[in-house]
Amino acid sequence: KPLIEVTGRGLIMNVSESPILQSGNSKDILEKIPGAVVNQDGSVTLKGKQNVQIFIDGKTTNMALDDLVRLLENTPSSEIERVEVYENPPAKFDAAGNAGIINIVTKKGKLLGYNGVLGINSGYGNWHKITPSGSVNYRNKKINVFGSGWYYNTMFDHRGTFDMKMNENENSSNFFSSFHRVHHAIGFNARMGIDYFVNDKITIGYLLNFYKGNTFGWEPSLVEISGFEKQKNDKIEAVQNFIYYWGAQAHNVNFKNQISEKSYFNMDVDFALRNNGNETNNANVYFLNNDIKSNTYILQKGNAVSDILNFKSDYETKFAHNFTLNVGAKASWVNTQNNFEAFNGTSKNNLVFNTNASNDFRYTEGIFASYTTLQQTLKEKWSWDAGLRLEQTVAQGMSPKSESDFFKTYLNFFPNLSFSYKIPEKFSWSVSATRRIDRPNYHQLNPFQAQSNPFYIYQGNPNLNPQTTNVLNVNFGIKDKYFITLSASNTQGLINQVIQQKDALQQQIHTVENLDNFYNYNINFNSPINITKWWKTQLNTLLYYNKMSSNLNWGVVGYDIFSFNINTQQSFVLPKNFKMEVSAYYNHDSYWNIWFVEPYYQIDLGIQKSYKKFNFNLSIKDIFNLREGNGGVFQGNIYMPTTYKPESRIVFLNIKYNFGNQKIQESRRRSTGSEDLQKRASD
């Protein structure tokens, strides 16, 4: 298979075909998707647009962004079969994700009898990374039993600086901070399931996903003060220690009846239980002329428990004149409770409970959806589909210590239309249009404040409303190899992080607001080139224009920017079953929320070798240690240059051993019913 396959609604990346991708983690894979950028917080931007929805095997992970990043960082990429990108999903998909959907498809057993894989993925950059894994599968004519699991013990770090300028009564002060953050993750993941083939038409299945882990870490930092404020303090030494813990279990029961060759009925029931939290302490020592002036100590504890229940059913039938009708319905309920406690003092020995900074937030949400899609193929060249999805949302937030309680209910309509024309191996074109929605993440609605240092405060916004996006895509293909995609979208009520700087208090309030219109226009070129029988290249170039501007009650935020990125893979087939790959990407000036990001680039190298039942992958990520993320925030009264250097040069070695019967038969692959609650559960 080629590494990248372009489709009418997006593309497919076949991870198994890349030595580099096979030896890293799942987060590394996202960075290699053409047109995708993984931001510093782990969120993904696709073709200049934020709010990409990430599924795993067609279902949500039911995780907040931080938890999802930790899961992807600690899932070996050797567990991944392919990644599917839907820039313009059809109506049967949930309407969330204005930038589209990325579905990570894990490997499933395809072999008859008893078989499995044992493997280990190890790496070293500044710190160790080790992940042993294994999977087993047994399949016969009546039953398929499968399971996989992996343990991870990994460490990462990054360094950075930010320079804040404050103006108080025409007196300016500068706060230059440098930090080094280290985090150490330990945990395990497991998947197991069973499919029972009642007869040739009816299949019943059960699937369990389970994960549990902890991240320990520390972040020493130094703040150097100049200007007016230097009269009080000229230096602050701070140390943050933290522990994050997470765990979840997700159950799925599936029933499928292949009624006839032309129709089927499918039903899923999902239940997920999440429990995660954190404990963070910040010790700050204030100096003046190298003398200690004062000490502060902040302890914060948070815990979130979420229950999620989904019911989903689909029916599809084909009838005269090549028509296909698909109808379905889905109901989902979420209940999450977030408890937050804060303590203050001069040291850990004299802490006092801070009632004003502590909170208990409860959030419930129900989404009830139905959809209809009609498709038709005309004379084997023309095809079209039209769909409509309706989603009724009911949401309530309650906080005993706040006046920010809310109750919201709204009905949304999501039309979807697509036309395509194709002459195989010669020419193709397609056009599609749809409407999407993104609801606020649960933690974004929580009104409590969290403080990580004397200047930085994060606060949720219970008044957030959903954002909606209208998208139009046009795709041209030549010889099923060379593709040009044009896209335009407009987002109303953009959910975006903003910073309100209070110079008099020497503080920044980081929160989330609904902004005005956001516009994105892009053109994407994708071209594989077979230079020789042993050398293939894949080139992807993206050009885009973004514009955003909004008037808030305390200032104006916005930007407009032309930018581009280039991604290329060079694959070489060498003697004695060796395969080598060199990949590189360049990302020009861009914005992440309201952060300006300077250009950055990276070059990776990988080698693959198969020997009998063994498979070896060796890779070096960022071989020249080029990756940086410099830039800053320059909005209104905020002037804050920043630098960011991750641990990017890492050597990975992945070894896999296949055992058992090697006779292939396709196993059953299914998606489940929890496709919309992606990454929205709160910390």
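This report describes the overall dimensions, selected strand pairings and a nonpolar surface patch of a predicted model.

**Overall architecture**

The protein chain contains four helices and 38 strands. Its C-alpha atoms occupy a box of roughly 80 × 60 × 45 Å along the principal axes. For 683 residues, a compact globule would be expected to have a radius of gyration near 26 Å, and because the protein chain has 26 Å, the two agree. Of these 683 residues, 55% count as buried.

**The sheet at the N-terminal end of the numbering**

Strands of a sheet pair through backbone hydrogen bonds, in either a parallel or an antiparallel manner. Five strands form an open sheet in the order β1-β2-β6-β7-β5, and the pairing is mixed. Its edges are β1 (4-7) and β5 (53-56), each of which pairs on one side only. From one strand to the next, the twist averages 15°. Within this order, β6 and β7 run antiparallel and are joined by six bridges. Glu-84 lies opposite Asn-103 of β7.

**Antiparallel pairs involving β34**

Strand β34 pairs in the antiparallel sense with β31 and also with β35. The table sets these two pairs beside that of β6 and β7.

| Strand pair | Residue ranges | Bridges | Residues opposite each other |
|---|---|---|---|
| β6 and β7 | residues 80-86 and residues 101-106 | six bridges | Glu-84 and Asn-103 |
| β31 and β34 | residues 578-587 and residues 600-611 | ten bridges | Tyr-586 and Tyr-601 |
| β34 and β35 | residues 600-611 and residues 614-621 | seven bridges | Gln-608 and Asn-617 |

A hairpin is formed by β34 and β35, with two residues between them. In the turn of this hairpin, Lys-612 has a positive phi of about 55°.

**A nonpolar patch on the surface**

Phe-427, Phe-476, Ile-478, Tyr-482, Ile-484, Leu-486, Phe-525, Ile-529, Ile-531 and Leu-543 form a nonpolar patch on the surface, and together they present about 790 Å² of accessible area. Two or more residues of the patch are given by each of β24 (467-478), β25 (482-492) and β28 (518-530). The largest share, three residues, belongs to β25.

Where is Ile-531 found? This residue lies in the loop between β28 and β29 (535-552). Is Ile-531 buried, partly exposed or exposed? Its relative accessible area is 42%, between the limits of 20% and 50%, so Ile-531 is classed as partly exposed. A patch residue must have over 30% relative accessible area, and the 42% of Ile-531 therefore meets that requirement.

Technical notes
Residues numbered from 1 in each chain as written. Predicted model: local features only at pLDDT ≥ 70, side-chain atom pairs only at ≥ 80, totals over all residues. Heavy atoms only, no water. Patch = residues over 30% accessible without salt bridge, like charges linked within 9 Å, V, L, I, M, F, W, Y side chains within 5 Å. Areas by Shrake-Rupley, 256 points an atom, 1.4 Å probe, with all protein chains shown as cover. Salt bridge = Lys/Arg side-chain N within 4 Å of Asp/Glu carboxyl O. Buried < 20%, exposed > 50% of the residue type's maximum accessible area, 1.4 Å probe, protein only. Pairing = 2+ DSSP bridges. Axes fitted to C-alpha atoms, helices over the stretch in contact; angles between N-to-C directions. Rg over C-alpha atoms; globule rule 2.2 N^0.38 Å.
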